[in-house]
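Here is a set of exercises to work through with the model open in front of you. Try each task on your own before reading the solution that follows.

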Amino acid sequence: MKKIINLLTVLVMVSLMASCKKNEASLYSCDPVVHQFVAGTSWEGINREELSNYQIDTLIAIFRSVSSENKASIWREKMDLLLATESFSDDEAAFIQSIRDAITPELYVNTPDNQAIPDSLENSVKQRAVVYSWSEEDVLYYFALPHSRTQLIDYIQKSNKEGGGTSAGVNDCSCNFSMNRCRMLDYRICANYGCNVLPSGCGFLFRGSCDGNCF
């Protein structure tokens, strides 16, 4: 009986992984445990602070499950947080405000025409980061993670105490090569060893695809 149960478990996981390749948009995570956790609850209306209390793999899956309006609201809240808590120059603050103004629900509708907008915004961020002498960690904190600094510090300390790293599912991508948080959270690198590329939840404003894992 135990062997049959184990076999059924494997078959379910294989089926879910295959589904990741065939119909990525309908899945919140290729990790069956994370997917079931997220799918079993309505997360619509979750705010930035609430979202940031979850582990990264779960956080990303929850973000995928909510509407474009909710996604945009979460990142506008992050820009508001930055404007309220960071010691920006007037020019830096104006730039952050311009990013906030550009964060609309349409930014999270995946169409070829929409891709040019986030690409342009991300390129602007990278150019301004040089002008403002923002570190890589600054850029990741500002635009690739929804956490407050306190939440981020707590997350890193907890991860280090528990052994560090994040618990992405087998072959489930969890980072983004263009703007990834592996170095900041896990002190590792983003690498792709054949993982299933999921369409959103990573990188700049969580708009980019997850195209690698933290190693």
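**Exercise 1. Find the buried residues of helix α5, and say which helices they pack against.**

Step 1. Start with the ground rules. This is a predicted model, in which local features need pLDDT of at least 70 and side-chain atom pairs count only at pLDDT 80 or more, while totals for chains, interfaces and linings use all residues. Residues are numbered from 1 along each chain as its sequence is written, and side-chain values use heavy atoms, with hydrogens and water left out.

Step 2. Locate the helix. Helices (H or I, at least four residues) and strands (E, at least two) are DSSP runs, numbered from the N terminus. Helix α5 covers residues 68-85, 18 residues in total. From first C-alpha to last, α5 reaches 26 Å, close to the expected 26 Å (the expected span is 1.5 Å times one less than the number of residues).

Step 3. Pick out the buried residues, where buried means under 20% relative accessible area, exposed over 50%, and partly exposed in between (1.4 Å probe, protein chains only). In α5 these are Ser68, Asn70, Lys71, Ala72, Ile74, Trp75, Lys78, Met79, Leu81 and Leu82.

Step 4. Look for their partners, using contact in the sense of heavy atoms within 4.5 Å. The buried residues of α5 pack against α3 (48-51), α4, α6 and α8.

**Exercise 2. Take two of these partners, α4 and α6, and describe which of their residues are buried.**

Step 1. Begin with α4, which spans 56-65. This helix is mostly covered, with 9 of its 10 residues buried. They are Ile56, Asp57, Thr58, Leu59, Ile60, Ala61, Ile62, Phe63 and Arg64.

Step 2. Move to α6, residues 90-102. Its 13 residues reach 19 Å from the first C-alpha to the last, close to the 18 Å expected.

Step 3. In α6, the buried residues are Glu92, Phe95, Ile96 and Ile99. They lie on the same side of α6 because they cover an arc of only 100° around the axis (the arc is that of the directions from the helix axis to the C-beta atoms).

Step 4. Now turn the helix around. The face of α6 turned away from its buried side carries the exposed residues Asp90 and Asp101.

**Exercise 3. Describe the lining of the second largest pocket and of the second largest cavity.**

Step 1. Sort out the two words. On a 1 Å grid over the protein atoms alone, a cavity is a set of points where a 1.4 Å probe fits but cannot get out, and a pocket is an open set with protein on both sides within 12 Å along at least five of seven lines; lining residues have an atom within 4 Å of a point. Grid points are joined across faces, edges and corners, and a volume is the space filled by probe spheres set on the points.

Step 2. The second largest pocket has a volume of about 150 Å³. Its lining is made of Lys126, Ala129, Glu136, Val139, Leu140, Phe177, Ser178, Met179 and Asn180. Two elements, α7 (112-131) and α8 (136-143), give two or more residues to this lining, and α8 has the largest share, 3 residues.

Step 3. Classify the pocket residues: Ala, Val, Leu, Ile, Met, Phe, Trp, Tyr, Cys and Pro count as nonpolar, Asp, Glu, Lys and Arg as charged, and the others, Gly among them, as polar. The pocket lining gives 5 nonpolar, 2 polar and 2 charged.

Step 4. For cavities, the search of the whole structure finds 2 of 30 Å³ or more. The second largest has a volume of about 60 Å³. Of its 13 lining residues, Ala144, Arg181, Cys202, Gly203 and Phe206 lie nearest its centre. Both α4 and β2 (198-202) supply at least two lining residues, and the lining divides into 7 nonpolar, 5 polar and 1 charged.

**Exercise 4. What is the sign of phi in Leu205 and in Phe206?**

Step 1. Recall the general pattern: most residues other than glycine have a negative phi.

Step 2. Leu205 has a positive phi of about 55°, and Phe206 has a positive phi near 60°.

Step 3. Place them in the chain. Leu205 sits in the loop between β2 and β3 (208-210), and Phe206 is found in that loop too.

Step 4. Check their burial. Leu205 counts as buried because its relative accessibility is 0%, and Phe206 counts as buried at 4%.

Definitions and conventions
Nonpolar A, V, L, I, M, F, W, Y, C, P; charged D, E, K, R; others polar.
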